[in-house]
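Colleague: Got a minute to walk me through this one? I'd like to start with the metal and then wander a bit.

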Amino acid sequence: MTRVMRLGRVELNVLNLDKSVEYYTKVIGLEETGRMGNSVYLKAWDEFDHHSLILTKSNKAGLVHLAFKVETIDDLAYYERKIEEFGCTTTRISSNSRLGEGEAVHFILPTGHHCELYHEIGFLGTAVGTRNPHPWPLGMKGIAPHRLDHLLLTGDDLKTVTRFFVEVLNFGQSERVVTEGEEELVGSFLFTTNTSHDIAFVKGPDAKLHHAAFGVESLHDVFKAADLLSMYEVPFDVTPTRHGISRGQTIYFFDPSGNRNEAFAGGYMAFRDMPTITWDASKIGTGIFYHRRELSESFMKALT
Amino acid sequence: MYKVTLKVRNQQFEYNCAPDQTPLRAARNEFIPFPTGCQRGGCGMCKMKVLEGEYKQELERSHEALSDEELANGFALACCMTVKSNLDIISAADYEDQLKKANLEEAK
Ligand code: FES
Ligand SMILES: [Fe+2]
């Protein structure tokens, strides 16, 4: 069975490469795994592929591309055909266009974001290895998430992008936010792993990034992340709280280029045959911030 | 201390700002509803038009948030600028509204 395994990598534009690498290694606690041109490659300690985050120097912030890892190399041709059938144009990106990466299929999502599918990528292994491993490595720095967890993007036509993920990439929809009479879809949460969301969309301008989230183990780690962010004077968007949607525990903050990050813990397990949960747009405040029960201007409007 | 006059959300505020403070920080310290996002020059939520006064804009910022042309035309990002004299600022959104209204008047 052909399968999209997970959100494998995200490439972000950053304004200052040195400052950003310092932040993502010292505060987030990722490991630098290589450099090529104007880009720095990083991974979290529990990830085994060569990188999950690429920082690329630019004069603007935001998302360059996101990419999903598919299970076999043959899946590339399979999805390529399905994507074309849906009406999106695909192109092949050749091996080693970026560091440690094999061939990829590139296309633009109905929301305008650059997306890729790939299978081949260099292998580095987790920091604890696979033979009688310790639960976590000694000498961890910063928030030290296990992995890149999910992305939230904004776009105009959420019905079409949802259809794309469900019909073409075989994702499930765990949750959705609808306006009265189900007229409009204003939030859509999609998964291919067993987490509550691997990618999500909220209504907004096309091609923009809302946040990139890193997965930590528990509420305690979310709280510790908050402590670290204060020590390093990183600007907060939202201090620790719970999401109604996904039930996860969360904290939001900004990287040195203004890209929003999240440290995310928990959330339920999603299964392919689960019924989609629906939130009324009038309840979105509770859906997003379960305690505060209202949205904030910065959370709704600050995008990169 | 410099005096900042701010027009935002159809309201006017006056507050003090120290030379080493951003006008955004100084406003928030007085509970003035200054549009705030990333505070890192990335999102453009704090974009202001400077009507009068001296200031220093941090140049390393997202050019999508503040283009070179906007910079040359006296727009600034209040989260990454410092104040060098008394300042008269209006939010980019309010400024646009004002221009629209003025254009409508002219058309009459
Ligand atoms: S608050 Fe984001 S650019 Fe100033
Ligand atoms: Fe999230």
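Modeller: Sure, we'll go through the metal site, a helix pair and a few single residues. Keep in mind that this is a predicted model.

Colleague: Which protein donors does the iron ion (ligand 2) have?

Modeller: They're His150(A) and His211(A), each through NE2, plus Glu262(A) through OE. They lie 2.0 to 2.1 Å from the iron ion.

Colleague: What spacing do the donors follow along the chain?

Modeller: The pattern for the iron ion (ligand 2) is H-x60-H-x50-E. Take His150(A) and Glu262(A): that pair links distant parts of the chain, 112 residues apart. His150(A) belongs to strand S9 (residues 147-155) of chain A, and Glu262(A) to strand S16 (residues 260-266) of chain A.

Colleague: Are His150(A) and Glu262(A) buried or exposed?

Modeller: Both of them are buried.

Colleague: OK, helices now. At what angle do H2 and H3 of chain A pack?

Modeller: About 145°, and the axes of H2 (residues 74-86) and H3 (residues 158-168) are 10 Å apart. The crossing of H2(A) past H3(A) is right-handed.

Colleague: Which residues make that contact?

Modeller: From H2(A) you have Tyr79(A), Lys82(A), Ile83(A) and Phe86(A). H3(A) brings in Thr160(A), Arg163(A), Phe164(A), Glu167(A) and Val168(A). Sorted by class, that's five nonpolar, one polar and three charged residues.

Colleague: Switching again: what does the side chain of His106(A) make a polar contact with?

Modeller: With the side chain of His114(A), at 2.7 Å. His106(A) sits in strand S7 (residues 104-108) of chain A. Beyond its sequence neighbours within four places, His106(A) is also in contact with residues including Thr89(A), Ile93(A) and Cys115(A).

Colleague: And why does His106(A) count as buried?

Modeller: Because its relative accessible area is 15%, and the cut-off for buried is under 20%.

Colleague: What does Ser298(A) touch?

Modeller: Leaving out residues up to four places away in sequence, Ser298(A) touches Asp237(A) and Arg260(A), and from chain B Thr36(B), Gly37(B) and Met45(B). Ser298(A) is in helix H6 (residues 297-301) of chain A, and it counts as buried at 14% relative accessibility.

Colleague: Last one, over in chain B. Where is Met81(B)?

Modeller: In strand S6 (residues 81-83) of chain B. Met81(B) counts as buried, with 2% relative accessibility. Among the residues Met81(B) touches, not counting those up to four places away in sequence, are Pro23(B), Val50(B), Tyr55(B) and Leu87(B).

Conventions
Residues are numbered from 1 along each chain as its sequence is written. Chains are lettered from A and ligands numbered from 1 in the order in which they are written. This is a predicted model: local features need pLDDT of at least 70, side-chain atom pairs count only at pLDDT 80 or more; totals for chains, interfaces and linings use all residues. Side-chain values use heavy atoms; hydrogens and water are left out. Axes are lines fitted to C-alpha atoms, for helices over the stretch in contact, and angles run from 0 to 180 degrees between N-to-C directions. Helices (H or I, at least four residues) and strands (E, at least two) are DSSP runs, numbered from the N terminus. A crossing is left-handed if the near helix is turned anticlockwise from the far one by less than a right angle, and right-handed if clockwise. Contact means heavy atoms within 4.5 Å. Ala, Val, Leu, Ile, Met, Phe, Trp, Tyr, Cys and Pro count as nonpolar, Asp, Glu, Lys and Arg as charged, and the others, Gly among them, as polar. Donors are N, O and S atoms within 2.8 Å of the metal (3.2 Å for Na, K and Ca); water is not among the atoms, so sites may look incomplete. Buried means under 20% relative accessible area, exposed over 50%, partly exposed in between (1.4 Å probe, protein chains only). A polar contact is a pair of N or O atoms within 3.5 Å; within protein, one must be able to donate a hydrogen and the other to accept it, and residues adjacent in sequence count only if both atoms are side-chain atoms.
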